[in-house]
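User: I would like to learn how to read the packing, the sheets and the chain contacts of a model, one feature at a time. Where should we begin?

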Amino acid sequence: MKIRPKIGVVSCSGECCGLGTLSRVATRLVLEDLRNDQTVTICLPLFLTGEIQEHGFAKEYPTIAVDGCGKLCAKKAITTYSKEPAASVDVEALLKEWEVESPKNRRVLDANNVKTARRLAELLAEKVDKIQEAP
Amino acid sequence: MSEYYETTADKFVFKVLKTLRYSKDEVWVKPESNGSIRVGLTDFAQRRAGDLVFAEVQAPGTQVAVGGFIGSYETVKLVQDILSPVEGVITEINPLIDSKPEVINSDPYGEGWVAVIKPTSDLSGLLSAEDYFEQMKVKVADELKKIKGL
Amino acid sequence: MKKPILILPCSGIGKSFGSIARDATFRVCDELRPGKADTLCLSLLVMGDDEARNKVASSKCITIDGCPLACSRNNVERSGGRIAVEFRVMDLLRENRGLKPREVTFLDEDGEKLSRVLADKVAAKVDELMEEPE
């Protein structure tokens with residue numbers, strides 16, 4: 001019987017712009033809806049304070065870093081304090097690839113942004129599956 | 001050797017302090033040297049509840065029955081009664097509970113104690129730490145979604 | 001022209017309180033006090049970004065924490081920030097007992113209400129701090 005590990009999904013906190021909000025919402029959609037039995041969110045601000053349970057999980061289980069922009073705070077934090085994530089997404093770069101506009105409002109996502117968040121969540125769910133399937 | 005029995009679910013670690021006894025209603029019991037008992041909420045109970053916003057305890061002098069109401073706590077998810085593990089009289093309540101109920105979350109077995117009771121029944125109905133730990137593990141598996149905030 | 005007041009929410013992703021802290025911050029910075037209040041990425045600050053560190057060291061900071069774990073306050077302090085005022089969403093919940101904000105991903109009605117109450121209080125503090133000498 002193959003044991004499939006739980007995956008920690010870590011979103012950047014991204015207060016600076018709507019891309020951070022998008023990352024956060026997509027991460028929550030994976031946790032709440034798409035892969036709720038297979039994922040755990042790691043709270044990045046709590047992780048950065050050195051909280052033992054957050055660090056402990058990230059050291060032992062695979063993680064996916066979801067960064068709003070190319071500064072890659074989530075990926076760098078996870079790599080620095082636990083180990084390199086199994087997968088990572090730069091949402092800004094991805095939206096350019098998809099030719100989709102970034103959110104204009106960082107507090108409220110409009111209907112198109114929510115659609116983008118769901119699309120991003122689906123991508124993250126696929127990454128969860130891929131990590132779990134890996135030998 | 002750890003002073004706790006521990007079990008992990010996802011990133012959450014649940015602790016049972018080995019030196020205490022427990023009721024089925026998620027209350028721990030610590031016998032004091034003068035025959036009274038100090039009581040509080042288990043780690044599992046506080047984790048399942050979430051961040052406590054309010055907590056209140058019956059006044060000293062209140063008589064309680066086994067399973068009787070000694071207080072309650074409130075989060076955004078629920079209001080939950082705290083039930084007495086023994087028959088007796090409340091003699092002391094934690095002064096921190098009213099202004100800082102979060103102390104029950106941060107230190108459930110220490111600073112987050114709830115009340116001291118002078119018992120008039122014996123403690124034979126209480127669970128040992130080992131027995132409570134086994135029961136708690138089953139509950140953890142069932143309750144994981146609530147604990148995750150889903 | 002005075003420096004904007006920096007508002008730093010915890011943005012905790014596990015609880016509604018983190019979403020409320022974040023939402024209120026954006027209300028203040030983008031709607032109630034544009035130009036007088038600003039925010040920056042907490043994780044960028046903690047990861048040692050020089051620009052972020054200089055900003056918190058040279059500006060008056062307001063931290064908004066969702067819960068008693070106080071991630072914003074702790075992280076800002078460790079990064080050399082000048083914390084002028086601390087807010088906790090839990091304290092506002094106690095003052096508004098009827099509100100039960102549960103949703104995290106998208107704020108529910110009670111979450112929106114609490115965010116508005118919090119944003120008004122934070123905006124008032126921004127005004128006070130702007131009146132003070134730098």
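Analyst: Let us begin with the interior, bearing in mind that this is a predicted model. The largest nonpolar core holds 78 residues, and those that touch the most other members are A:Ala26, A:Val66, A:Leu124, C:Ile7 and C:Val122.

User: Which residues does C:Ile7 touch, not counting residues up to four places away in sequence?

Analyst: With those sequence neighbours set aside, C:Ile7 touches C:Thr25, C:Val28, C:Cys29, C:Ala37, C:Thr39, C:Ile62, C:Ile64 and C:Val122. Apart from the core that includes C:Ile7 lies another, of 38 residues, with B:Leu17, B:Leu52, B:Ile70 and B:Val114 among them.

User: C:Val122 has now come up as well. Which residues of α6(C) are buried, and what covers them?

Analyst: A residue counts as buried here when 20 or more other C-beta atoms lie within 10 Å of its own. In α6(C) the buried residues are C:Gly111, C:Leu114, C:Ser115, C:Leu118, C:Ala119, C:Val122, C:Ala123 and C:Val126, and their cover includes β1 (5-9), α1 (16-32), β2 (37-38), β3 (60-65), β4 (82-88) and α5 (89-95) of chain C. The helix itself spans residues 109-131 of chain C, 23 residues in total, and reaches 34 Å from its first C-alpha to its last, close to the 33 Å expected at 1.5 Å a residue.

User: How should I read the sheet in chain B, and which are its edge strands?

Analyst: One reads a sheet by strand order and pairing direction: in chain B, 6 strands form an open sheet in the order β3-β4-β5-β11-β10-β7, with antiparallel pairing. Its edge strands are β3 (21-22) and β7 (63-64) of chain B, each of which pairs on one side only. Within the sheet, β10 (residues 88-93) and β11 (residues 115-119) of chain B run antiparallel and are joined by 5 bridges, and B:Glu92 has B:Val116 in β11(B) as its bridge partner.

User: Finally, how does one describe an interface, and how many residues of chain A are in contact with chain C?

Analyst: The size of an interface is often given as the accessible area lost when the parts come together. Here we can count residues instead: 27 residues of chain A are in contact with 27 residues of chain C. On the chain A side, α1 (18-34), α2 (44-48) and α4 (73-81) each supply at least two residues, and α1(A) gives the most, with 7 residues. By residue class, that side of chain A divides into 12 nonpolar, 7 polar and 8 charged.

Definitions and conventions. Residues numbered from 1 in each chain as written. Chains lettered and ligands numbered in written order. Predicted model: local features only at pLDDT ≥ 70, side-chain atom pairs only at ≥ 80, totals over all residues. Contact = placed C-beta atoms within 7 Å. Helix = DSSP H or I, 4+ residues; strand = E, 2+ residues; numbered from the N terminus. Nonpolar A, V, L, I, M, F, W, Y, C, P; charged D, E, K, R; others polar. Expected span 1.5 Å × (residues − 1). Buried ≥ 20, exposed ≤ 12 C-beta atoms within 10 Å, placed from the backbone. Pairing = 2+ DSSP bridges. Core = buried A, V, L, I, M, F, W, Y, C linked by C-beta atoms within 7 Å.
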